[in-house]
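This note sets out a series of numbered points for a colleague who is about to examine the model. Each point may be checked against the sequence and the coordinates as displayed.

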Amino acid sequence: MSSPSGAFHLKSFLPLDRQRAIVACCRTLIDGDVPGYVPVVRGGGRMHVRMLCLGRHWNGQTYRYEPTRSDYDHAAVPPLPAELADLAGEIAASVGMTLRADLCILNYYDAEGRMGLHQDKDESPESIAAGVPVVSVSLGDTARFLFGGLRRRDPIDAVLLKSGDAFVFGGPARLCYHGVSRIVPSTSPPELGLVGRFNLTFRQYSLPTSG
Ligand SMILES: O=C(O)CCC(=O)C(=O)O
């Protein structure tokens with residue numbers, strides 16, 4: 001991989017039974033009382049995913065986090081379930097990093113789903129400066145994930161993220177550009193009964209205050 005150190009592709013991290021349980025949780029959340037929606041970002045473009053933020057809401061107009069979905073329906077953001085935050089901590093620990101996730105962005109990609117190249121840089125400056133990792137979990141259809149460097153024009157690797165894979169980028173890789181160029185339809189494990197792909201990206205907005 002040509003990007004800085006601090007990026008890890010953990011193939012088949014989750015066995016099928018754990019994938020099945022997380023998919024059930026994702027379905028309940030994204031079709032819940034505060035459902036997923038397709039954000040319209042600054043400039044008017046519609047994203048190509050259905051998104052639900054947990055713990056803190058990412059506002060696609062301001063590119064800031066907030067407690068209510070003021071760019072959409074003003075609903076209070078649902079909490080991040082403890083078992084999902086624990087999963088993210090477990091994945092980070094497996095590569096020697098620490099993550100106390102306080103927010104997660106759950107995205108659903110259909111066959112046409114994709115996400116442009118971007119940096120995750122809207123968390124607190126302290127969290128980013130400390131290199132607290134982003135932990136991503138993929139379920140369902142395979143995604144062609146793009147992972148580059150710290151500048152948009154840096155070389156980009158294409159990584160196939162399959163169901164059950166995790167991807168971690170922290171430390172010097174925390175601000176690497178990344179995105180999803182396409183979904184590979186009908187590659188989801190049949191046992192999941194999932195058409196399309198769920199991706200969860202866990203982040204830590206705030207560092208604990210000392211004292
Ligand atoms: O779906 C993915 O694998 C990446 C998602 C992502 O980049 C994001 O939510 O910021």
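**Notes on the predicted model**

1. The two faces of β8 differ in cover: Ala143, Phe145 and Phe147 make up the covered face, whereas Thr142, Arg144 and Leu146 lie on the uncovered one. In a regular strand, side chains point alternately to one face of the sheet and to the other. The model under review is a predicted one.

2. β8 has partners in β9 and β11. With β11, β8 runs antiparallel and is joined by 6 bridges. Within this pairing, arginine 144 has arginine 182 of β11 as its bridge partner. Strand β9 (residues 157-161) is also antiparallel to β8, with 5 bridges joining them. Here phenylalanine 145 has valine 159 of β9 as its bridge partner. Arginine 144 belongs to the uncovered face of β8 and phenylalanine 145 to the covered face.

3. Which residues surround the ligand? They are Ile105, Asn107, Met115, Asp120, Ser136, Ala143, Phe145, Leu161, His178, Val180, Asn199 and Thr201. Ala143 and Phe145, listed in this shell, are also members of the covered face of β8. By class, the shell comprises 6 nonpolar, 5 polar and 1 charged residues.

4. Several strands contribute to the ligand shell. At least two shell residues come from each of β5 (103-109), β8 (142-147), β11 (178-184) and β12 (197-203). Thus the antiparallel pair β8 and β11 is represented in the shell by both of its strands, and the antiparallel pair β5 and β12 is likewise represented by both.

5. An open sheet is formed by 6 strands in the order β1-β10-β7-β12-β5-β2, with antiparallel pairing. At its edges stand β1 (7-10) and β2 (50-54), each with a single partner strand, so each has one side without a neighbour in the sheet. From one strand to the next, the twist averages 15°.

6. At one edge of this sheet, β1 pairs with strand β10 (residues 166-169) in the antiparallel sense over 4 bridges. Leucine 10 has alanine 166 of β10 as its bridge partner.

7. Is β12 enclosed or open to the surroundings? Of the 7 residues of β12, 6 are buried, so the strand is largely enclosed by the rest of the structure. The cut-off behind this statement is 20 or more other C-beta atoms within 10 Å of the residue's own.

8. In the sheet order, β12 stands between β7 and β5. β5 pairs with β12 in the antiparallel sense over 7 bridges, and tyrosine 109 stands opposite arginine 197 of β12. Strand β7 (residues 134-140) is likewise antiparallel to β12, and 6 bridges join the two. In β12, threonine 201 is the residue opposite serine 136. Both Ser136 and Thr201 are listed among the residues surrounding the ligand.

9. Two loop residues deserve inspection for their backbone geometry. Most residues other than glycine have a negative phi. Tyrosine 63, however, has a positive phi, near 60°. Tyrosine 63 sits in the loop between β3 (57-59) and β4 (64-66) and is exposed, with 12 other C-beta atoms within 10 Å. Histidine 74 also has a positive phi, near 65°. This histidine 74 is in the loop between β4 and α2 (82-94), and with 8 C-beta neighbours inside 10 Å it counts as exposed.

10. Proline 15 is in the loop that runs between β1 and α1 (16-30). Proline 15 is exposed, with 9 other C-beta atoms within 10 Å. In sequence, proline 15 and serine 163 are 148 residues apart, yet their C-alpha atoms are 9.4 Å apart in space.

11. As to the overall fold, the secondary structure of the protein comprises 3 helices and 12 strands. The radius of gyration is 16 Å, close to the 17 Å given by the globule rule for 211 residues, so the protein is as compact as a globular protein of that length. The C-alpha trace spans about 45 × 40 × 35 Å along its principal axes. Buried residues make up 38% of the 211 in the protein.

12. How much of the contact set with a separation of 6 or more joins residues 24 or more positions apart? Such pairs account for 76% of those contacts in the protein.

Notes. Residues numbered from 1 in each chain as written. Predicted model: local features only at pLDDT ≥ 70, side-chain atom pairs only at ≥ 80, totals over all residues. Rg over C-alpha atoms; globule rule 2.2 N^0.38 Å. Contact = placed C-beta atoms within 7 Å. Near = placed C-beta within 6 Å. Nonpolar A, V, L, I, M, F, W, Y, C, P; charged D, E, K, R; others polar. Pairing = 2+ DSSP bridges. Axes fitted to C-alpha atoms, helices over the stretch in contact; angles between N-to-C directions.
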